[in-house]
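Please open the model in your viewer and keep the sequence panel beside it, since each stop on this tour begins with a selection.

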Amino acid sequence: MTLARQPQTITDLAIKAVKPGGARRRLSDGRGLYLLLFVKGGSHGWRLDYTHEGRRKTLSLGTYPDTSIKLARSKAEAARQAVAAGVDPSDQRKAFKAARQAEADNADRAERGLAPVGSFEETALAWWSQWSKARTVRHAGYVLRRLQADVFPAIGHDPVDAITAPQLVGMVKAIEARGALDLAKRAMQTAAQVFRYAIAHGLAQRNPATDIRPSDVLPSRRKHNYARLPAKEVPELLRKIEAYQGTPITRLALKLMALTFVRTSELIGARWPEFDLDQAEWRIPPERMKMRDPHIVPLSPQAVEVLRTLYTVTGTGDLLFPGERDHARPMSNNTILAALKRMGYAGRMTGHGFRGIASTILHEQGYPHHVIELQLAHQERDEVSAAYNHATYLAERRKMMAEWAAHLDALRQGNVIKLPQRAA
């Protein structure tokens, strides 16, 4: 700013000499600073005229005598220096007032146990409020509890636009250190969603979660490579199951596992109240599922036939497959493995292998990936199944399971009949 320097003319005596109603409306102090006379109920107001980015502006510097001549000149000089540095002193004052107000608000929020304004926690709660509307109450509640337990204690009170990638790394490493690897990965994924929300609403400029991947800082979970037969050996396996000379309950368990390809633990722990044979549905409760979500298994006519036969043997009890010695406990997983070993598949096939066989064949025959994954109740879910619901794509899954059972019949009987080709 360039203003002609003028002598400082204002004195306390000059101000007191001015009478109300006189012709003078202002007293100039030079370099744009002046005292506007008799404003706000008879008081005098300090003003500074300045130019910023080609625009003429005026800044209020307080009232006289609360703001003395010396203090007004000091404030004016600070404003001039701001203009010289390319900063609008009016904007500077607004930002200062906003910061002071935010400080006061945050102190009040802290007394009430709330997160600071503009913090990650406040932003995350706003994101969750919007995101949760399209989710089940149970799933939304779970995500909120994980935020409160794992994320907020680490970065909740930090400004959402100031959080760095190293802070996120520290957060997930702390979660992983207690043995919760999956929770650590989900915490990172949820945090990334919150940052995207913050950017979309003008609360942050960038997403620090994009700088790192969970695999960069977290160990990979060792995958279990369950033994399973190649597809070409499945027909003989099915025939050997049909002719199995062990207990009828074990033979029926193997047949049902092939038809439903559920996890071994889900099969051997099955209880009769979970089944509706008239509706041809098996509803596995969440506490028995790996992902703690309820799961529906559509039952093909062949599966219903197996279950009706099994009911004549174990239907008087609660468990479908009670243990041989203790009927109050389910059969052991080793029962399935021992049966496969007896049939000549030791080390080459497990109960879990039926899932891999089904997944491979169904994918090869063109069934939609998300439908197969939903039926497998897999942990890794794509964008279609992220808003997971145990009844999602049930009609498609019911048709797929019926066609899968018919395919197994054809394989067992030696008929080379392919499943209906589907668009991927």
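## First stop: a pocket

Begin with H13, which gives the lining of the second largest pocket its largest share, namely five residues. Bear in mind throughout that this is a predicted model. To see the rest of the surroundings, add helix H10 (248–260) and helix H12 (301–314) to helix H13 (333–342), because the selection then holds the helices that each supply at least two residues of the lining of the second largest pocket. For the centre of the second largest pocket, select Thr247, Thr250, Glu324, Met331 and Thr335, which lie nearest to that centre among the 20 residues of the lining. The space in this second largest pocket comes to about 400 Å³. If you colour its lining by residue class, you should find nine nonpolar, nine polar and two charged residues.

## Second stop: the largest cavity

Next, turn to enclosed space: the structure holds three cavities of 30 Å³ or more. The largest cavity contains about 50 Å³ of space, and to display its lining you can select Val234, Leu237, Leu238, Ala258, Phe354, Ile357, Trp404 and Leu408. What classes do the residues of the lining of the largest cavity divide into? They are eight nonpolar, with no polar and no charged residue. Show helix H9 (234–242), helix H14 (353–364) and helix H16 (394–413) as ribbons, since each of them supplies at least two residues of the lining of the largest cavity. Of the lining of this cavity, H9 brings the largest share, with three residues.

## Third stop: H10 against H16

Keep H16 on screen and bring back H10, and look along the place where the two pack, with their axes 9 Å apart and at an angle of about 125 degrees. That angle makes H10 oblique to H16. On the H10 side, select Ala258, Leu259 and Thr260, which meet Met401, Trp404, Ala405 and Leu408 of H16. This contact of H10 with H16 consists, by class, of six nonpolar residues, one polar residue and no charged residues. Three of these names may be familiar from the previous stop, for Ala258, Trp404 and Leu408 also line the largest cavity.

## Fourth stop: H4 against H5

For a second helix pair, select helix H4 (residues 120–131) and helix H5 (residues 137–155), whose axes are 11 Å apart and whose packing angle is about 170 degrees. With that angle, H4 is roughly antiparallel to H5. On H4, show the side chains of Phe120, Glu121, Ala124, Leu125, Trp127, Trp128 and Trp131, and on H5 those of His139, Ala140, Val143, Leu144, Leu147, Val151, Phe152 and Ile155, since these residues make the contact. Divided by class, the residues of the contact of H4 with H5 are 13 nonpolar, one polar and one charged.

## Fifth stop: the four-stranded sheet

Now move to the open sheet of four strands, which follow the order E1-E2-E3-E4 with antiparallel pairing. Strand E1 (26–30) and strand E4 (55–64) stand at its edges with a single partner strand each, so that one side of each is left without a neighbour in the sheet. Averaged over the sheet and with direction ignored, neighbouring strands are turned by 25 degrees against each other. Then add helix H2 (residues 69–84), which packs on this sheet and touches E1, strand E2 (33–39), E3 and E4, while its direction makes about 15 degrees with that of E3.

Within the sheet, two pairings are worth a separate view. E1 and E2 run antiparallel and are joined by four bridges, and Ser28 can be seen opposite Tyr34 in E2. The hairpin of E1 and E2 has two residues between the strands, and there Arg31 takes a positive phi near 55 degrees. Strand E3 (residues 43–52) pairs with E4 in the antiparallel sense over eight bridges, and for a marker you can label Leu48, which stands opposite Leu59 in E4.

## Last stop: the three-stranded sheet

Finally, select the open sheet of three strands, which has the order E5-E6-E7 and antiparallel pairing. Strand E5 (275–276) and strand E7 (295–298) are the edge strands, each pairing on one side only. Between E5 and strand E6 (residues 281–284) there are two bridges, in the antiparallel sense, and Asp276 stands opposite Glu281 in E6.

Terms used: Residues numbered from 1 in each chain as written. Predicted model: local features only at pLDDT ≥ 70, side-chain atom pairs only at ≥ 80, totals over all residues. Heavy atoms only, no water. Axes fitted to C-alpha atoms, helices over the stretch in contact; angles between N-to-C directions. Parallel < 35°, antiparallel > 145°, perpendicular 65-115°, else oblique. Contact = heavy atoms within 4.5 Å. Nonpolar A, V, L, I, M, F, W, Y, C, P; charged D, E, K, R; others polar. Pairing = 2+ DSSP bridges. 1 Å grid on protein atoms, 1.4 Å probe; cavity = no way out; pocket = protein on both sides within 12 Å on 5 of 7 lines; lining within 4 Å. Points joined across faces, edges and corners; volume = space filled by probe spheres on them.
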